[in-house]
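Me: I am new to this structure. Please take a close look at one part of it, and then at what surrounds that part.

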Amino acid sequence: MADQQSLVIDRRRFIQTITGVLTGVLGALGPLSALAPRRAWALELHALSNAEAVDLLAVVRTIAPHDGLDDAAYALVVGALDADAASSSDTRELLAAGLAGLGPQFAAMPEGARVEQLRAIESGAFFQNVRLKTLLVLYNNPIAWEHFGYEGEAFSKGGYLLRGFNDLKWLPDVPAAASGPLPLA
């Protein structure tokens, strides 16, 4: 019985020690997790290969460059293009040919070289298709809205009138004389 009681006490102490250590480790990792550059995301592909998706992500990021915007926002565009390619063989062929024309190392190129390469094909169907999808998908998702400070549409929130539409605290006060003559009443 004494051996069982000492085991219980040792077990309790062990659990208390482990709990304390884990709490300390998690507490120490809290600030470190804030240093992580981006959240993790995954994209399930149906028509594109992983290499094509990486190059397409580089194309979309080059077309609409926004420092600090999470790659997940750009991945939504790649997902939409992948869905289009899965549903249409013409779109799949257009994307495959366009990406092949950019070369196998497009994503690894410096941004200036990517811009020049895309400028050379900007009037083509591949670029225009990707550009249009980028505009439609990238700027219509909550990840990008949060980055840009857009709160979303106002109708469901009661409109703009009572939500700061006339709040011009960020502008300096203008003297009345600067407004010009007052209209006759």
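Reply: Helix H3 has 17 residues and spans 24 Å from its first C-alpha to its last, close to the 24 Å expected at 1.5 Å a residue. The model is predicted, and H3 is one of seven helices in a protein with zero strands. From the N terminus on, the elements run α-α-α-α-α-α-α.

The buried residues of H3 are Asp71, Ala72, Ala73, Tyr74, Ala75, Val77, Val78, Ala80, Leu81, Asp82 and Ala85. Two aspartates, Asp71 and Asp82, are thus in the list, along with alanines such as Ala72 and Ala80. In the protein as a whole, 25% of the 185 residues count as buried. The cover over the buried residues of H3 includes H2, H4, H6 and H7. The rest of this answer goes through some of these neighbours.

Start with H4, residues 89-102. H4 has 14 residues and reaches 20 Å from its first C-alpha to its last, close to the 20 Å expected at 1.5 Å a residue. Thr91, Leu95, Gly98, Leu99 and Leu102 are its buried residues. Seen down the axis of H4, they fall within an arc of 95 degrees, so they line one face of the helix. The general background is that an α-helix has 3.6 residues a turn, so residues three or four places apart point the same way. On the face of H4 turned away from the buried side are the exposed residues Asp90, Glu93, Ala97, Ala100 and Gly101. The buried residues of H4 are covered by neighbours that include H2, H3, H5 and H6. Just after H4, glycine 103 takes a positive phi of about 100 degrees.

Next is H6, residues 125-138, with 14 residues and a reach of 19 Å from first C-alpha to last, close to the 20 Å expected at 1.5 Å a residue. Its buried residues are Phe126, Phe127, Val130, Lys133, Thr134, Val137 and Leu138. Seen down the axis of H6, these fall within an arc of 135 degrees, so they too line one face of their helix. Ala125 and Leu136, on the other side of H6, are exposed. The buried residues of H6 pack against H2, H3, H4, H5 and H7.

H2 is among the elements that cover H3, and H2 also meets H6: their axes come within 10 Å and cross at roughly 70 degrees. H2 and H6 are therefore roughly perpendicular to each other. H2 supplies Leu56, Val59, Val60 and Ile63 to this contact, while H6 supplies Phe126, Phe127, Val130, Arg131 and Thr134. By type, the residues of the contact are seven nonpolar, one polar and one charged.

H2, residues 50-63, packs against H5, residues 111-120, as well, at an angle of about 90 degrees and with the axes 10 Å apart. This pair, H2 and H5, is therefore roughly perpendicular too. Ala58, Val59, Thr62 and Ile63 of H2 make the contact with Arg114, Val115 and Leu118 of H5. The contact of H2 with H5 divides into five nonpolar residues, one polar and one charged. Val59 and Ile63 of H2 therefore appear in the contact with H5 as well as in the one with H6.

Over the whole protein, 68% of the contacts with a separation of 6 or more join residues 24 or more positions apart.

Technical notes:
Residues are numbered from 1 along each chain as its sequence is written. This is a predicted model: local features need pLDDT of at least 70, side-chain atom pairs count only at pLDDT 80 or more; totals for chains, interfaces and linings use all residues. Side-chain values use heavy atoms; hydrogens and water are left out. Axes are lines fitted to C-alpha atoms, for helices over the stretch in contact, and angles run from 0 to 180 degrees between N-to-C directions. Helices (H or I, at least four residues) and strands (E, at least two) are DSSP runs, numbered from the N terminus. Angles under 35 degrees count as roughly parallel, over 145 as roughly antiparallel, 65 to 115 as roughly perpendicular and the rest as oblique. Contact means heavy atoms within 4.5 Å. Ala, Val, Leu, Ile, Met, Phe, Trp, Tyr, Cys and Pro count as nonpolar, Asp, Glu, Lys and Arg as charged, and the others, Gly among them, as polar. The expected span of a helix is 1.5 Å times one less than its number of residues. Buried means under 20% relative accessible area, exposed over 50%, partly exposed in between (1.4 Å probe, protein chains only). The arc is that of the directions from the helix axis to the C-beta atoms.
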